[in-house]
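Biologist: Please take a close look at one part of this model, the nonpolar interior, and then say how the helix that contributes to it relates to the open and enclosed spaces.

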Amino acid sequence: MSNGNTSIPKNIDVNVPSVARMYDYFLGGKDNYPSDRVACEQLLEHVPSTKVLAVNNRLFLRRVVHHLASEYGIRQFIDHGSGLPTQDNVHEVAQLVDPAARVVYIDNDPIVLAHGKAILEENDRTAVIQADMRDTEGILGHPEVVRLIDFDQPVAALFVSVLHCIPDKDDPAGLVRRVADRLAPGSFLVVCQLVSEDAATRDFVTDFMAKSTGDQWGRVRRQEDVGVFLEGLEVLAPGLVEVSTWWPDSDLAPKQATREWIEFGGVGRKG
């Protein structure tokens with residue numbers, strides 16, 4: 001259900017599910033439509049841990065942004081495939097540490113752009129741009145990125161739960177490397193993606209999401225595939241892990257209860 005505060009862009013067919021709006025639904029948001037909810041419920045029938053997985057992924061994003069801002073002094077963030085605004089957005093977490101922190105959100109969904117602009121219109125240290133995250137040169141040269149990001153200083157580039165949207169033919173590992181190459185020493189790359197060690201689960205979800213979203217999907221991968229994304233970088237402790245175990249806030253923090261598929265990733269630092 002849309003919250004009614006932002007009109008639907010004319011070029012959007014809300015009868016086709018979008019990854020961003022499906023994620024919003026799993027997080028308990030209101031910026032989704034019947035097609036998104038139907039797809040989510042069908043997905044839950046086959047991979048019932050998906051809602052918990054989405055919540056744990058969001059908590060990981062919050063922890064990693066706070067960790068990089070508070071422990072490593074990062075004040076610049078580029079969030080690739082950011083999705084719809086929800087609670088504990090990157091700018092809210094980073095600017096709680098330092099109000100001067102700057103954040104750029106990138107998503108190819110026009111509804112994300114519409115909602116993001118409405119929320120961020122009074123925050124001049126934050127911007128949202130509509131772009132395909134594979135267009136590294138276009139993104140890094142975008143006027144809002146140029147305005148907010150100083151590439152002579154460390155940046156955290158986030159690829160949180162989005163690389164499974166990139167098909168192999170578009171080389172997701174190459175995408176991360178292109179961004180890393182443009183960042184200053186001391187920058188960080190944060191990656192995680194949906195993985196499964198069960199071939200049937202990988203095949204079902206990959207096929208289901210490709211058909212549901214009009215082929216706006218890559219594939220569910222294996223854990224060993226994720227390590228390639230951070231090759232050449234220093235991987236911070238605790239390494240590449242299921243994300244609910246990446247520096248949890250406490251022993252009582254939510255854990256991934258079942259393992260038919262998980263969010264798997266970590267953080268790499270450029271030397």
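Modeller: In this predicted model, Phe77 touches Val65, Leu68 and Ala69, as well as Val90, Ala94, Arg102, Val103, Val104, Ile149 and Ala156, with residues up to four places away in sequence left out of the count. Phe77 belongs to the largest nonpolar core, a set of 34 residues, and together with Val65 and Leu68 is among those with the most contacts inside that core. Elements that each supply at least two residues of this core are the helices α3 (50-71), α4 (90-97) and α5, and the strands β2 (102-107), β4 (156-160) and β5 (188-195). The top contributor is α3, with 6 residues. A second core, separate from this one, has 33 residues, including Ile78, Met133, Phe229 and Phe264. In soluble globular proteins, nonpolar side chains tend to be buried together.

The geometry of α3 can be checked by its length. With 22 residues at 1.5 Å a residue, α3 should span 32 Å, and its end C-alpha atoms are 31 Å apart, so the two values agree. After α3 comes Gly73, which has a positive phi, near 70 degrees.

α3 also takes part in the pockets. The second largest pocket has a volume of about 180 Å³. Its lining consists of Arg62, Arg63, His66, His67, Ser70, Glu71, Val93, Leu96, Trp246, Trp247 and Asp249. Of these, 6 residues come from α3, the largest share, and α4 also supplies at least two. By class, the lining of this pocket has 4 nonpolar, 3 polar and 4 charged residues.

The largest pocket has a volume of about 960 Å³. Its lining has 48 residues, and those nearest the pocket centre are Ser18, Val19, Ala20, Cys165 and Gln216. α3 contributes at least two residues to this lining, as do α1 (19-26) and β2. The class split for the largest pocket is 25 nonpolar, 11 polar and 12 charged residues.

As for enclosed space, the count is 1 cavity of 30 Å³ or more. The largest cavity holds about 110 Å³ of space. It is lined by 14 residues, and Gly83, Leu84, Pro85, Asn89 and Tyr105 are the closest to its centre. Here the helix that gives the most to the lining is α5 (residues 110-120), with 4 residues. The cavity lining divides into 7 nonpolar, 5 polar and 2 charged residues.

Note on methods:
Residues numbered from 1 in each chain as written. Predicted model: local features only at pLDDT ≥ 70, side-chain atom pairs only at ≥ 80, totals over all residues. Heavy atoms only, no water. 1 Å grid on protein atoms, 1.4 Å probe; cavity = no way out; pocket = protein on both sides within 12 Å on 5 of 7 lines; lining within 4 Å. Points joined across faces, edges and corners; volume = space filled by probe spheres on them. Nonpolar A, V, L, I, M, F, W, Y, C, P; charged D, E, K, R; others polar. Core = buried A, V, L, I, M, F, W, Y, C linked by side-chain atoms within 4.5 Å. Buried < 20%, exposed > 50% of the residue type's maximum accessible area, 1.4 Å probe, protein only. Contact = heavy atoms within 4.5 Å. Expected span 1.5 Å × (residues − 1).
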